[in-house]
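Biologist: Hello! Could you walk me through this fold at a pace that suits someone who usually works at the bench?
Modeller: Gladly; let us look at it together.

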Amino acid sequence: MPRTLLDGEYKLIKDSSAEANAEAERSGYGAGPDARNVKAIIGSYNGTSTTGNSGLVITGMYGQFRNPAQPRDSLLDGMRKADGMSEPKPAKTITPPGSDVDLECTVMLSKDEDGTSTVPVCAWGDENTAAHVAFLTPASAAQDPDTVDLDAIAQQTLKVREEVRKPIN
(Lines give C-alpha, C1' and ligand atoms only; values in the text may rest on other atoms or scores of the structure.)
Protein backbone atom coordinates (compact mmCIF):
# COMPACT_ATOMS: atom_id res chain seq x y z
CA MET A 1 0.00 0.00 0.00
CA PRO A 2 1.32 3.47 -0.80
CA ARG A 3 2.35 5.59 2.20
CA THR A 4 0.03 8.39 1.05
CA LEU A 5 -2.96 8.72 -1.27
CA LEU A 6 -4.65 11.53 -3.16
CA ASP A 7 -1.50 13.60 -3.50
CA GLY A 8 -0.63 13.34 0.19
CA GLU A 9 -4.12 14.16 1.55
CA TYR A 10 -4.29 10.75 3.28
CA LYS A 11 -1.50 9.00 5.18
CA LEU A 12 -1.31 5.21 5.67
CA ILE A 13 -1.93 4.25 9.29
CA LYS A 14 -2.38 0.50 8.86
CA ASP A 15 -1.58 -1.96 6.08
CA SER A 16 -3.63 -5.08 6.83
CA SER A 17 -2.80 -6.78 3.54
CA ALA A 18 -0.98 -9.76 5.08
CA GLU A 19 -3.92 -10.55 7.36
CA ALA A 20 -6.43 -9.96 4.55
CA ASN A 21 -4.53 -12.23 2.21
CA ALA A 22 -4.28 -15.02 4.81
CA GLU A 23 -8.04 -14.79 5.46
CA ALA A 24 -8.81 -14.69 1.73
CA GLU A 25 -6.70 -17.80 1.16
CA ARG A 26 -8.74 -19.64 3.81
CA SER A 27 -12.17 -18.48 2.66
CA GLY A 28 -11.62 -17.95 -1.07
CA TYR A 29 -11.13 -14.61 -2.70
CA GLY A 30 -14.53 -14.28 -4.37
CA ALA A 31 -12.78 -13.29 -7.58
CA GLY A 32 -14.50 -15.95 -9.65
CA PRO A 33 -13.44 -19.22 -11.25
CA ASP A 34 -11.38 -17.53 -13.96
CA ALA A 35 -9.18 -15.56 -11.54
CA ARG A 36 -5.49 -16.46 -11.20
CA ASN A 37 -2.64 -15.46 -8.85
CA VAL A 38 -4.94 -13.46 -6.58
CA LYS A 39 -3.67 -11.53 -3.55
CA ALA A 40 -5.74 -9.39 -1.15
CA ILE A 41 -4.95 -5.91 0.15
CA ILE A 42 -6.40 -3.58 2.80
CA GLY A 43 -5.13 -0.16 3.75
CA SER A 44 -6.47 2.33 6.29
CA TYR A 45 -5.61 6.00 5.90
CA ASN A 46 -6.08 9.11 8.03
CA GLY A 47 -6.51 12.57 6.61
CA THR A 48 -3.65 15.01 6.94
CA SER A 49 -4.00 18.60 8.11
CA THR A 50 -5.66 19.57 4.82
CA THR A 51 -8.45 17.01 5.18
CA GLY A 52 -8.94 17.22 8.94
CA ASN A 53 -10.52 14.36 10.86
CA SER A 54 -11.17 12.09 7.89
CA GLY A 55 -10.25 8.65 6.70
CA LEU A 56 -10.16 6.41 3.70
CA VAL A 57 -10.16 2.61 3.55
CA ILE A 58 -9.21 0.65 0.46
CA THR A 59 -10.01 -3.05 0.27
CA GLY A 60 -9.11 -4.99 -2.81
CA MET A 61 -7.22 -7.64 -4.67
CA TYR A 62 -4.83 -7.99 -7.54
CA GLY A 63 -4.08 -10.82 -9.92
CA GLN A 64 -5.45 -11.87 -13.29
CA PHE A 65 -9.19 -11.50 -13.79
CA ARG A 66 -11.00 -12.66 -16.92
CA ASN A 67 -14.26 -11.23 -15.60
CA PRO A 68 -13.26 -7.98 -13.80
CA ALA A 69 -16.83 -7.32 -12.62
CA GLN A 70 -16.77 -10.52 -10.49
CA PRO A 71 -14.12 -9.44 -7.95
CA ARG A 72 -15.46 -5.86 -7.92
CA ASP A 73 -18.98 -7.06 -7.14
CA SER A 74 -17.69 -9.58 -4.61
CA LEU A 75 -15.88 -6.84 -2.71
CA LEU A 76 -18.99 -4.64 -2.63
CA ASP A 77 -21.13 -7.59 -1.53
CA GLY A 78 -18.70 -8.22 1.32
CA MET A 79 -19.16 -4.67 2.50
CA ARG A 80 -22.95 -4.91 2.17
CA LYS A 81 -22.97 -8.04 4.36
CA ALA A 82 -20.70 -6.62 7.06
CA ASP A 83 -22.16 -6.13 10.53
CA GLY A 84 -23.96 -2.82 10.89
CA MET A 85 -23.88 -1.99 7.18
CA SER A 86 -26.88 -1.33 4.95
CA GLU A 87 -27.40 0.12 1.50
CA PRO A 88 -30.42 2.43 1.25
CA LYS A 89 -30.55 2.41 -2.56
CA PRO A 90 -28.95 0.47 -5.43
CA ALA A 91 -25.41 1.15 -6.61
CA LYS A 92 -24.88 3.34 -9.65
CA THR A 93 -22.48 2.64 -12.54
CA ILE A 94 -20.30 5.66 -13.28
CA THR A 95 -17.63 6.04 -15.94
CA PRO A 96 -15.74 9.24 -15.09
CA PRO A 97 -14.62 11.35 -18.05
CA GLY A 98 -11.34 10.02 -19.43
CA SER A 99 -11.65 6.73 -17.57
CA ASP A 100 -11.16 3.31 -19.13
CA VAL A 101 -13.10 1.55 -16.37
CA ASP A 102 -16.65 1.60 -15.02
CA LEU A 103 -17.01 2.24 -11.30
CA GLU A 104 -19.84 0.94 -9.14
CA CYS A 105 -20.64 3.63 -6.60
CA THR A 106 -23.05 3.54 -3.71
CA VAL A 107 -23.82 4.99 -0.32
CA MET A 108 -23.65 2.67 2.65
CA LEU A 109 -25.00 3.34 6.10
CA SER A 110 -22.81 2.20 8.98
CA LYS A 111 -24.65 1.73 12.26
CA ASP A 112 -22.86 1.22 15.57
CA GLU A 113 -23.18 2.27 19.21
CA ASP A 114 -22.33 5.87 18.26
CA GLY A 115 -25.16 6.14 15.71
CA THR A 116 -25.47 5.88 11.95
CA SER A 117 -22.91 7.29 9.51
CA THR A 118 -23.15 7.79 5.77
CA VAL A 119 -20.22 6.17 3.93
CA PRO A 120 -19.74 6.87 0.19
CA VAL A 121 -18.07 3.95 -1.60
CA CYS A 122 -16.89 3.33 -5.15
CA ALA A 123 -15.37 0.15 -6.58
CA TRP A 124 -13.59 -0.79 -9.77
CA GLY A 125 -12.55 -4.00 -11.45
CA ASP A 126 -10.12 -4.35 -14.33
CA GLU A 127 -8.02 -7.20 -15.72
CA ASN A 128 -5.50 -6.99 -12.86
CA THR A 129 -7.01 -5.09 -9.93
CA ALA A 130 -10.30 -4.76 -8.10
CA ALA A 131 -11.00 -2.66 -5.03
CA HIS A 132 -13.50 -0.55 -3.21
CA VAL A 133 -12.67 2.75 -1.57
CA ALA A 134 -14.72 3.98 1.39
CA PHE A 135 -14.50 7.66 2.29
CA LEU A 136 -14.98 8.55 5.95
CA THR A 137 -15.28 12.27 6.58
CA PRO A 138 -17.20 14.25 9.21
CA ALA A 139 -19.16 15.97 6.44
CA SER A 140 -20.13 12.76 4.63
CA ALA A 141 -20.88 10.88 7.88
CA ALA A 142 -23.65 13.33 8.72
CA GLN A 143 -24.86 13.71 5.13
CA ASP A 144 -28.25 12.53 3.89
CA PRO A 145 -27.48 9.53 1.60
CA ASP A 146 -29.60 11.08 -1.17
CA THR A 147 -27.38 14.17 -1.31
CA VAL A 148 -24.00 12.41 -1.71
CA ASP A 149 -22.30 13.43 -4.97
CA LEU A 150 -21.33 9.99 -6.29
CA ASP A 151 -19.75 11.52 -9.40
CA ALA A 152 -17.27 13.40 -7.19
CA ILE A 153 -16.62 10.21 -5.19
CA ALA A 154 -16.01 8.37 -8.47
CA GLN A 155 -13.41 11.00 -9.48
CA GLN A 156 -11.62 10.59 -6.13
CA THR A 157 -11.73 6.79 -6.46
CA LEU A 158 -10.25 7.01 -9.95
CA LYS A 159 -7.35 9.04 -8.51
CA VAL A 160 -6.83 6.41 -5.79
CA ARG A 161 -6.83 3.71 -8.50
CA GLU A 162 -4.12 5.57 -10.41
CA GLU A 163 -2.00 5.84 -7.27
CA VAL A 164 -2.29 2.23 -6.08
CA ARG A 165 -1.92 0.31 -9.35
CA LYS A 166 1.67 -0.81 -9.91
CA PRO A 167 3.24 -2.99 -12.61
CA ILE A 168 3.89 -6.58 -11.58
CA ASN A 169 7.54 -7.44 -12.24
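Biologist: In what pattern do helices and strands follow along the sequence of the protein chain?
Modeller: Helices (H or I, at least four residues) and strands (E, at least two) are DSSP runs, numbered from the N terminus. The protein chain has four helices and nine strands. Read along the sequence, their pattern is β-β-α-β-β-α-β-β-β-β-β-α-α.

Biologist: Before we go on, what should I know about the model?
Modeller: Residues are numbered from 1 along each chain as its sequence is written, and side-chain values use heavy atoms, with hydrogens and water left out. The model is predicted: local features need pLDDT of at least 70, side-chain atom pairs count only at pLDDT 80 or more, and totals for chains, interfaces and linings use all residues.

Biologist: What is the radius of gyration of the protein chain?
Modeller: The radius is taken over C-alpha atoms, and the globule rule is 2.2 Å times the number of residues to the power 0.38. For 169 residues that rule gives 15 Å, and the chain comes close to it, so it is as compact as a globular protein of that length. Along its principal axes the C-alpha trace spans about 40 × 35 × 30 Å. The radius of gyration is 15 Å.

Biologist: What share of the residues in the protein chain is buried?
Modeller: Buried means under 20% relative accessible area, exposed over 50%, and partly exposed in between (1.4 Å probe, protein chains only). Of the 169 residues in the protein chain, the buried share is 44%.

Biologist: Among contacts between residues at least 6 apart in sequence, what share joins residues at least 24 apart?
Modeller: A contact means heavy atoms within 4.5 Å. In the protein chain, the share of such contacts that join residues at least 24 apart is 60%.

Biologist: Which residue in strand 4 is the bridge partner of S44?
Modeller: Two strands pair if DSSP finds at least two bridges between them. Strand 3 (residues 36-47) pairs in the antiparallel sense with strand 2 (residues 10-15) over five bridges, and D15 stands opposite G43 there. Strand 3 also pairs with strand 4 (residues 55-64), again in the antiparallel sense, over nine bridges. In strand 4, the partner of S44 is V57.

Biologist: How many residues of strand 8 are buried?
Modeller: Strand 8 (residues 115-125) has antiparallel pairing with strand 7 (residues 103-112) through 10 bridges, and with strand 9 (residues 129-136) over five bridges. A hairpin of two residues links strand 7 to strand 8, while three residues lie between strand 8 and strand 9 in their hairpin. Strand 8 is mostly covered, and of its 11 residues the number buried is eight.

Biologist: Which residue in strand 9 is the bridge partner of G125?
Modeller: On the strand 7 side, V107 stands opposite P120 of strand 8. On the strand 9 side, the bridge partner of G125 is A130.

Biologist: Is R161 buried or exposed?
Modeller: R161 is found in helix 4 (residues 150-164). Not counting residues up to four places away in sequence, R161 touches D100, V101, W124 and D126. With a relative accessibility of 6%, R161 counts as buried.

Biologist: How far apart in space are N67 and V101?
Modeller: N67 sits in the loop between strand 4 and helix 2 (69-81). N67 is partly exposed, at a relative accessible area of 39%. N67 and V101 are 34 residues apart in sequence, and their C-alpha to C-alpha distance is 13 Å.
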